[in-house]
Amino acid sequence: MSHPTAPPRESALLVGLALPGMPAWEVRESLDELARLADTATLAVAERLLQTRPRVDPAYYIGKGKANQLRELAEGCGADMILFDNDLSPAQMRNLEKLTEMRILDRSAIILDIFARHARTRSAHVQVELAQLKYLLPRLTRAWTHLSRQAGGGAIRGMGAAGGRGPGETQLEVDRRLVRTRIGSLQSELNRIGSQMANARKGRGDLFRVALVGYTNAGKSTLMRALSGADVLVQDQLFATLDSTTRSVDLEGGPRILLTDTVGFINRLPHHLFASFRATLEEAAEADLLLHVVDRSHPQYAHQMGTVEGVLAELGIEDRPLLVVHNKIDRLDPDGDEEEETAACGREDVVAVSALTGTGLDDLRGAIRAHCQEQEVTLDLHIPQAEGRLLSQLHEQGEVLEQSYDPREVRLRVRLGRAWAERWSLERFQPG
């Protein structure tokens, strides 16, 4: 009995550029990351080429001489396309395509392909298409065939036919006008989605909000599942999830919190992609506490932390209360030098965990509880028996430390969030 086989994967020749002042490990790490991006996009890596130059060539990126060799090298290793580890200008892409007669992709193009594959909700689809069109607009050189070849037609899905041309318009001008119109429509829809997300956040009440941020594949979704018990997608892939996911979490002896998983960050994430996903990252901007999840087993974890800190600074939330979570400690060499890790985890703002095995999760819950308590107040209240709704909400939103009854009122000592206390004007129920 025969079984269907998966179609063969297309393969790519990866091209990186080493410039003066770039550490060797950074160049290798970036090319390794590009290989992981290619794998996530279902591309096989046929070969790698690393070119050293004093500066970027404005016409061919790696220089015309080396570019002349690309086609021969790609054919020799059986590559179907050439993938560059940086963004190429529209002119560079056109020149390289003409010289090599092969498909040329850059880092933005492969990330956009991954985004398109992993988009699930309407919000993600809108953000992906908007990012695709902003990427394609300056690269329009031929009619619809160029769009289809660059992005598989995904970026123009739903745009409709070109229709009649205006007086003296070329097909290229029609294409650009339609793309700009579609960008405006998508931006308006994204603004509406942002407003809906903001209203949804307001509707969650005044629970303490915690957002997971970190480099892609640091284990945020695994940690989300470990803390909340929720059925959250966990995959060993870059950008496995694009949508923020929020779950209510009981801290076991502490208050209930809202925990949100956000899209992962990556080195050299082009600004236009970051801007398109700003609506998703607003969950982090609204959080009371950020958990910066770090893959501590990664050899360049400190560099990845710097990338995340840069994105937080661009969001304007670098001064938000933050707790660093060193994840994947189960992968550390037990015979290695643990002096640095021990010193780091002795700090109040660092917790070491393994989201996979559960090691350190109780310490993490305790650290989150401590941050919650900094935002809480303890009140002595005398609540009339008739205020049943308020009594119920105090039990739900706060932690009742003491409780006693008399014929007309309930006397409580309760610890709850400062914002919730202010919202309900509880001063009138405090003993004089």
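P321 counts as partly exposed in the predicted model, at 36% relative accessibility; partly exposed denotes the range between buried (under 20% relative accessible area) and exposed (over 50%), evaluated with a 1.4 Å probe on protein chains only. The residue is placed in the loop between α11 (301-315) and β9 (322-327), where helices (H or I, at least four residues) and strands (E, at least two) are DSSP runs numbered from the N terminus. Excluding residues up to four places away in sequence, P321 touches D288, L289, L290 and H371, a contact being heavy atoms within 4.5 Å. The C-alpha atoms of P321 and L291 are 8.9 Å apart in space, with their positions 30 residues apart in sequence.

This is a predicted model, in which local features need pLDDT of at least 70 and side-chain atom pairs count only at pLDDT 80 or more, whereas totals for chains, interfaces and linings use all residues. Residues are numbered from 1 along each chain as its sequence is written, and side-chain values use heavy atoms, with hydrogens and water left out.

The protein chain comprises 15 helices and 13 strands. Of its 432 residues, 47% are buried. Among contacts with a separation of 6 or more, 70% join residues 24 or more positions apart. The accessible surface of the chain comes to about 20,900 Å², and carbon and sulfur atoms contribute 47% of that area, as calculated by the Shrake-Rupley method with a 1.4 Å probe.

Helix α5 (residues 122-136) contains 15 residues and reaches 21 Å from its first C-alpha to its last, close to the expected 21 Å at 1.5 Å a residue; the expected span is 1.5 Å times one less than the number of residues. The helix is mostly covered, with 12 of its 15 residues buried. Among these buried residues are the charged E129 and also Q127, Q132 and Y135.

Two packed helices are described by the angle between their axes and the distance between the axes. For helix α8 (residues 220-228) and helix α13 (residues 361-374), the axes come within 11 Å and cross at roughly 80 degrees, the axes being lines fitted to C-alpha atoms over the stretch in contact and the angles running from 0 to 180 degrees between N-to-C directions. Helix α8 is therefore roughly perpendicular to α13, a class that spans 65 to 115 degrees. The contact involves L223, A226 and L227 of α8 together with L361, L364 and R365 of α13. These residues divide into five nonpolar, no polar and one charged; Ala, Val, Leu, Ile, Met, Phe, Trp, Tyr, Cys and Pro count as nonpolar, Asp, Glu, Lys and Arg as charged, and the others, Gly among them, as polar.

Within α8, L227 is buried at 9% relative accessibility. Besides L361, L364 and R365, L227 touches V249 and L259, not counting residues up to four places away in sequence. The C-alpha atoms of L227 and G358 are separated by 9.2 Å, although these residues lie 131 residues apart along the chain.

Most residues other than glycine have a negative phi. Y61, in the loop between β2 (44-52) and α2 (64-77), has a positive phi near 65 degrees and is buried, with a relative accessible area of 5%. N217 likewise is not a glycine and has a positive phi, of about 70 degrees. N217 is found in the loop between β5 (208-214) and α8, and counts as buried at 17% relative accessibility.

Notes
Angles under 35 degrees count as roughly parallel, over 145 as roughly antiparallel, 65 to 115 as roughly perpendicular and the rest as oblique.
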